[in-house]
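User: I should like to go through the assignments in this model and hear the grounds for each of them.

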Amino acid sequence: MSTRMTLPTILLLSLAFAAHILADSPPAAESESCEVYNENDLRLAGASPDAGRVEVFHDGKWGTLCGKPSMSISSVLCSQLGFGRAIGIFTIAPKVETQNWISDIQCKGDESSIFECGHSMWGSGSGCGETSPPIAVRCEAAGLDGEIKIPISDLQLPGVDPITVLDPYTAPASKATKDCNVEDYASQFSKSHLPSFVHKSKIEPWLESRTERVRDVLCQDAKVTSSLDDFGELGLRWNQFGFDFEGTNAESLYPNRSSVIEDPRADVIRDGYLSPNAKVFWSLDHQARYPASAPEMSAASREIFANLSRDGFVKIDDFGLDMEALDKTADWALNQREYKNITVVLDDGSCVVARLDVPALKPLITNETVNAAIRGYLGQDSVLHGYKILRLSARLKGADNYIAADWHHDRAGRRLKLFVFLHDVANEGGRPTEIANGTHNIVYYSFEDYATSRYDDAYVQKKFDIHRLGGKRGGGFIFDTNAIHRGSPTGDHKRETIILEYHNSYKCPAIHSLGMNVPCPSGDQFMVATKI
């Protein structure tokens, strides 16, 4: 059952539980003008405004850049695209035949343009291959250079040592013997789970290495498995993606769950199952996820908080905003092309993102009922990092050019995004966000690898209760991007929304101090960094 809520004024929430109502009124037909590009323009393909395959416009058509993946290449490209630091480099091969324009790319990292790096002649290099794939990047927001850095030795990370937490896994000196049977504790990495992932060829060796690691760690001491059994009494449960403590809902266990993160027995989970980033996110997020005591807030805020905590999302019927003022700003920003620092066009207009000041959002940004619920969920010291206006247009025809169409989590741990609908968004044909109910509390085994965060549609549809988050103009929803979710790529109409992003205020500075390759905050938004 979904919860429908309304915000008729800045200070008051009128809460009501109602049956799920489909939003069947589509937006007005959109004008689809042709996009105009300049020679050597760059773009991100995949309809994600801060991550994707980089393509260059040359001789009248778009083509790939190929080279041996390196952070030096990624740094140059992120800077040239107008972002801050590079978070990562990966590869997304085109699903249709695409011209390769530049290959054999080699960068030092301080070039101002990818064309200053060493590379082949246009269209005449060695092309793309297994060792020189199409380059894709993931970038952080610009303007974070002045953020206060926390010395690593001063970081507060319950349960882990911040100095060594990102060290790669080292196998024990003595390997597991054949007579050590811990299969019940490694079954989540069985090859039988391969069909539940999208990128199966990359997942198979990952499952094998994880099985070996669990055996090596758990077989060091016969008492180790008893620690996992003890945590089972607190609700610990596993699947092939990660674990949570949702196996039981007994409120009497909440204080004990809160202290699990600092229990020495939890080292078994960290050593046997978690990647370095996963250890950090578990440490940063656990006590907000399982607080020792319930945070104080009004009844209206508590209803929002309760639904977020239970389901990972909450629907809002009306945020009480001046929609005409929002329309004027959005219409200009999404349709203008003169100021490229404001408006980013992806895949010939299939996705358009605008990043600019929107004064009409102030009543929502300062709404204490919403903010108290968000603080309850993320921690009492929380921040609105920024927002953007997003259009998914009628040109977006399927998953081939929309990387968010796969079921996934955002590899950023616990954070919230708030969506405001600029028109009615139909659950059928309106490209709604879809979410797998109750998956927001999963601690994933790995946050580093793109492949481990993409899940098979048939499996997710069968395994989880799926909610489509459509709704009426002026309403929207709040959800945890750690949940398994996707953006529906197909539909009959465009979808235009404003998206606000929230974190615990300690999280991004901690991530930056550790030097983690995580976009915190996301790179595709107008930055405000306002404590709520």
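**Grounds for the assignments**

Analyst: In H11, the buried residues are Thr369, Val370, Asn371, Ala372, Ala373, Ile374, Arg375, Gly376, Tyr377 and Leu378. The model is a predicted one.

User: What makes helix H11 mostly covered?

Analyst: Helix H11 spans residues 368-378, and 10 of its 11 residues are buried. The term buried requires a relative accessible area under 20%. At the start of H11, the backbone nitrogen of Thr369 has a side-chain oxygen of Asn367 within 3.0 Å. After H11 comes Gly379, with a positive phi near 125 degrees.

User: Why is Ser113 called buried?

Analyst: Its relative accessibility is 13%, and the limit for buried is under 20%. Ser113 therefore counts as buried. Ser113 is located in the loop between strand S7 (99-102) and strand S8 (136-139). Leaving aside residues up to four places away in sequence, Ser113 touches Val76 and Gln80.

User: What makes the approach of Ser113 to Phe115 a polar contact?

Analyst: A polar atom of the Ser113 side chain lies 3.1 Å from the backbone nitrogen of Phe115. The cut-off for a pair of N or O atoms is within 3.5 Å, and the 3.1 Å of this pair satisfies that distance.

User: How do you know that Cys78 and Cys139 form a disulfide?

Analyst: Their sulfur atoms are 2.0 Å apart, and the rule asks for a pair of cysteine sulfur atoms within 2.5 Å. The pair links distant parts of the chain, with Cys78 in helix H1 (residues 71-80) and Cys139 in strand S8, 61 residues apart. Cys78 and Cys139 are both buried.

User: Why is the disulfide of Cys78 and Cys139 called left-handed?

Analyst: The torsion about its S-S bond is about -80 degrees, so the disulfide is left-handed.

User: What makes Cys180 and Cys219 a disulfide, and which parts does the pair tie together?

Analyst: The sulfur atoms of Cys180 and Cys219 are 1.7 Å apart, which satisfies the limit of within 2.5 Å. Cys180 lies in the loop between S8 and helix H2 (183-186), and Cys219 in the loop between helix H3 (200-218) and helix H4 (224-232), so the pair ties together parts 39 residues apart in sequence. The link of Cys180 and Cys219 is left-handed, with -90 degrees about the S-S bond. Cys180 has a relative accessible area of 17% and is therefore buried.

User: How do you know that Cys508 and Cys520 are joined?

Analyst: The S to S distance of Cys508 and Cys520 is 1.9 Å, and the cut-off is within 2.5 Å. Cys508 belongs to helix H13 (residues 507-514) and Cys520 to the loop between H13 and strand S24 (526-531), so this disulfide ties together parts 12 residues apart in sequence. The link of Cys508 and Cys520 is left-handed, at -75 degrees about the S-S bond. Both Cys508 and Cys520 are buried.

User: How many disulfides are there by this rule, and what is the pairing?

Analyst: The count comes to five disulfides. With the bonded cysteines of the protein chain numbered in sequence order, the pairing is 1-5, 2-6, 3-4, 7-8, 9-10.

User: Why is Cys351 called buried?

Analyst: Cys351 has a relative accessible area of 0%, and buried means under 20%. Cys351 is therefore buried. Across the protein chain, buried residues make up 58% of the 532 residues.

Methods: Residues are numbered from 1 along each chain as its sequence is written. This is a predicted model: local features need pLDDT of at least 70, side-chain atom pairs count only at pLDDT 80 or more; totals for chains, interfaces and linings use all residues. Side-chain values use heavy atoms; hydrogens and water are left out. Buried means under 20% relative accessible area, exposed over 50%, partly exposed in between (1.4 Å probe, protein chains only). Helices (H or I, at least four residues) and strands (E, at least two) are DSSP runs, numbered from the N terminus. A polar contact is a pair of N or O atoms within 3.5 Å; within protein, one must be able to donate a hydrogen and the other to accept it, and residues adjacent in sequence count only if both atoms are side-chain atoms. Contact means heavy atoms within 4.5 Å.
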